[in-house]
Amino acid sequence: LGEIPTLYSTLALSTSVRVQGWEVQAVANAVDHERIKLNAMIGYRYFMANEGLRIEQRQFRYSGVGGIVETADQFDAHNRFHGGQLGMSADLRAGVVFCELIAKVALGQNYQVVKTEGMTHLLLPAVGGATYQTYGGSGIFVQPSNFGRELRGAFAVLPEGTIKLGFRWGP
């Protein structure tokens with residue numbers, strides 16, 4: 001028989017990403033010919049992006065003191081953009097071929113919140129049972145020096161562009 005391993009460990013990673021946004025705009029026709037249409041746009045844009053990363057580790061120790069060590073680290077970033085938007089759209093036609101172009105840029109404020117959290121749990125053998133100890137604010141990557149929440153706002157530019165090429169088979 002082989003030797004009993006002194007350490008058995010599991011690692012779990014999970015990520016999450018959520019993106020959403022909306023805009024309100026007024027559109028004014030600048031050029032309207034048979035082969036080209038140009039529109040000017042002005043409006044308001046909201047954009048949100050949230051990301052998260054969780055790292056969990058569990059160690060089963062069979063030699064020495066023994067016991068179970070569990071750690072968890074959580075990193076979250078939340079970004080919310082609010083700003084005014086300007087843009088142009090063009091619809092170009094040549095026979096059955098068409099091209100639609102849209103270019104927009106939003107200028108405004110991005111609000112960012114970054115949160116880091118960590119936790120360590122120890123289950124250690126003791127006379128007459130086991131002891132359970134928990135240490136908040138400290139995982140593997142999150143330590144008391146980088147634990148907590150940080151807020152900031154910054155000027156941001158949010159560009160967007162679209163190109164569509166296609167064929168029209170009817171009027």
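The following exercises, each with a worked solution, concern the predicted model shown above.

Residues are numbered from 1 along each chain as its sequence is written, and side-chain values use heavy atoms, with hydrogens and water left out. Because the model is predicted, local features need pLDDT of at least 70 and side-chain atom pairs count only at pLDDT 80 or more, while totals for chains, interfaces and linings use all residues, pLDDT being the predictor's confidence in each residue, from 0 to 100.

**Exercise 1. Determine how the rings of Phe 167 and Trp 169 are arranged.**

Step 1. Rings of Phe, Tyr and Trp (its six-membered ring) pair if their centres lie within 6.5 Å; planes under 30 degrees apart count as stacked, over 60 as edge-to-face and the rest as tilted.

Step 2. Four aromatic pairs occur in the structure. For Phe 167 and Trp 169 the ring centres are 5.9 Å apart and the planes stand at 20 degrees, so this pair is stacked.

Step 3. Both Phe 167 and Trp 169 are exposed (relative accessible area over 50%; buried is under 20%, partly exposed in between; 1.4 Å probe, protein chains only).

**Exercise 2. Identify which parts of the chain the salt bridge between Arg 45 and Glu 23 ties together.**

Step 1. A salt bridge requires a side-chain nitrogen of Lys or Arg within 4 Å of a carboxyl oxygen of Asp or Glu. The count by this rule is nine.

Step 2. In the salt bridge of Arg 45 with Glu 23, the closest N and O atoms are 4.0 Å apart. Arg 45 belongs to strand β2 (residues 36-61) and Glu 23 to strand β1 (residues 7-32), so the pair ties together parts 22 residues apart in sequence. Strands (E, at least two residues) are DSSP runs, numbered from the N terminus.

Step 3. Arg 45 counts as buried because its relative accessibility is 11%; Glu 23, at 29%, counts as partly exposed.

Step 4. Glu 23 and Arg 45 are also linked with Lys 104 and Glu 160 in a network of salt bridges.

**Exercise 3. Describe the surroundings of Arg 168.**

Step 1. Arg 168 forms a salt bridge with Asp 91, with 3.4 Å between the closest N and O atoms. This pair links distant parts of the chain, 77 residues apart: Arg 168 is in the segment after β6, and Asp 91 in strand β3.

Step 2. Arg 168 is partly exposed, at 30% relative accessible area, whereas Asp 91 is buried, at 15%.

Step 3. Arg 168 also lies over the face of Phe 98, 4.7 Å from the ring centre (the criterion being NZ of Lys or CZ of Arg within 6 Å of the ring centre and within 35 degrees of the ring normal).

Technical notes: Helices (H or I, at least four residues) and strands (E, at least two) are DSSP runs, numbered from the N terminus.
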